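Work through the following exercises with the sequence and the model side by side, and try each task before reading its solution.

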Amino acid sequence: MTVKISDFKHQICVYLEGIGECLVAFDILTPGDELDADHSDGYEIDFAVFDEQDKHISYDLTKKQYNHCENKAMEEMLDITTAWRKDWEGSV
């Protein structure tokens, strides 16, 4: 099965030394079926990395590059879930 950028809901650009600009595409996952802002501690990400030609390169990365992409996606996920939580708290 081929992994495509369109398989994911969120994207961020990341610069990787030795590769250049890359796109980290990711989905935010929860232990349950629903995304509830008050369960942010349980959020996880599923991500893939693509080069400038949209080629899937996750398996071609060094461990350091992979970890950098994962960390950047996690930071973005925390920003998104924090915004969700603020929206949720504001609507209660």
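Helices (H or I, at least four residues) and strands (E, at least two) are taken here as DSSP runs, numbered from the N terminus. This is a predicted model, in which local features need pLDDT of at least 70 and side-chain atom pairs count only at pLDDT 80 or more, while totals for chains, interfaces and linings use all residues. Residues are numbered from 1 along each chain as its sequence is written, and side-chain values use heavy atoms, with hydrogens and water left out.

**Exercise 1. Determine how many helices and strands the chain has, and in which order they run.**

Begin by counting the elements, which gives 1 helix and 3 strands. Then follow the chain from the N terminus, where the order reads β-β-β-α. Finally, consider burial, for which a residue is buried under 20% relative accessible area, exposed over 50%, and partly exposed in between (1.4 Å probe, protein chains only). By this rule, 36% of the 92 residues of the chain count as buried.

**Exercise 2. Find the residues that touch the most other members of the largest nonpolar core, and the elements that supply this core.**

A nonpolar core is a set of buried Ala, Val, Leu, Ile, Met, Phe, Trp, Tyr and Cys residues joined through side-chain atoms within 4.5 Å. In soluble globular proteins, nonpolar side chains tend to be buried together. The largest such core here has 17 residues, and those touching the most other members are Leu16, Val24, Phe26, Phe47, Val49 and Cys69. At least two residues of this core come from each of β1 (10-16), β2 (20-29), β3 (44-50) and α1. Separate from it is a second core of 6 residues, including Leu23, Ala25, Ala48 and Phe50.

To look at one member in detail, take contact to mean heavy atoms within 4.5 Å. Once its neighbours within four places in sequence are set aside, Leu16 is in contact with Cys22, Val49, Leu61, Gln65, His68 and Cys69.

**Exercise 3. Locate the salt bridges and state how accessible their partners are.**

A salt bridge requires a side-chain nitrogen of Lys or Arg within 4 Å of a carboxyl oxygen of Asp or Glu, and the structure holds 2 of them. One joins the side chains of Asp7 and Lys4, at 4.0 Å from N to O. Asp7 is partly exposed because its relative accessibility is 35%, and Lys4, at 44%, is also counted as partly exposed.

Another links Glu75 with Lys72, whose closest N and O atoms are 3.9 Å apart. These two residues lie 3 apart in helix α1 (residues 63-91), so about one helical turn separates them. Glu75 is partly exposed at a relative accessible area of 44%, and Lys72 is partly exposed at 33%.

**Exercise 4. Describe the surroundings of Gly20 and the backbone of Asp54, and decide for each whether it is buried or exposed.**

Start with Gly20, which lies in strand β2 and is buried, since its relative accessible area is 13%. Leaving aside neighbours within four places in sequence, Gly20 is in contact with Val14 and Tyr15. Next, compare positions along the chain: Gly20 and Glu52 are 32 residues apart, yet their C-alpha atoms are separated by 8.1 Å.

Turn then to Asp54, which is found in the loop between β3 and α1. Although Asp54 is not a glycine, it has a positive phi of about 65 degrees. Asp54 counts as exposed because its relative accessible area is 51%.
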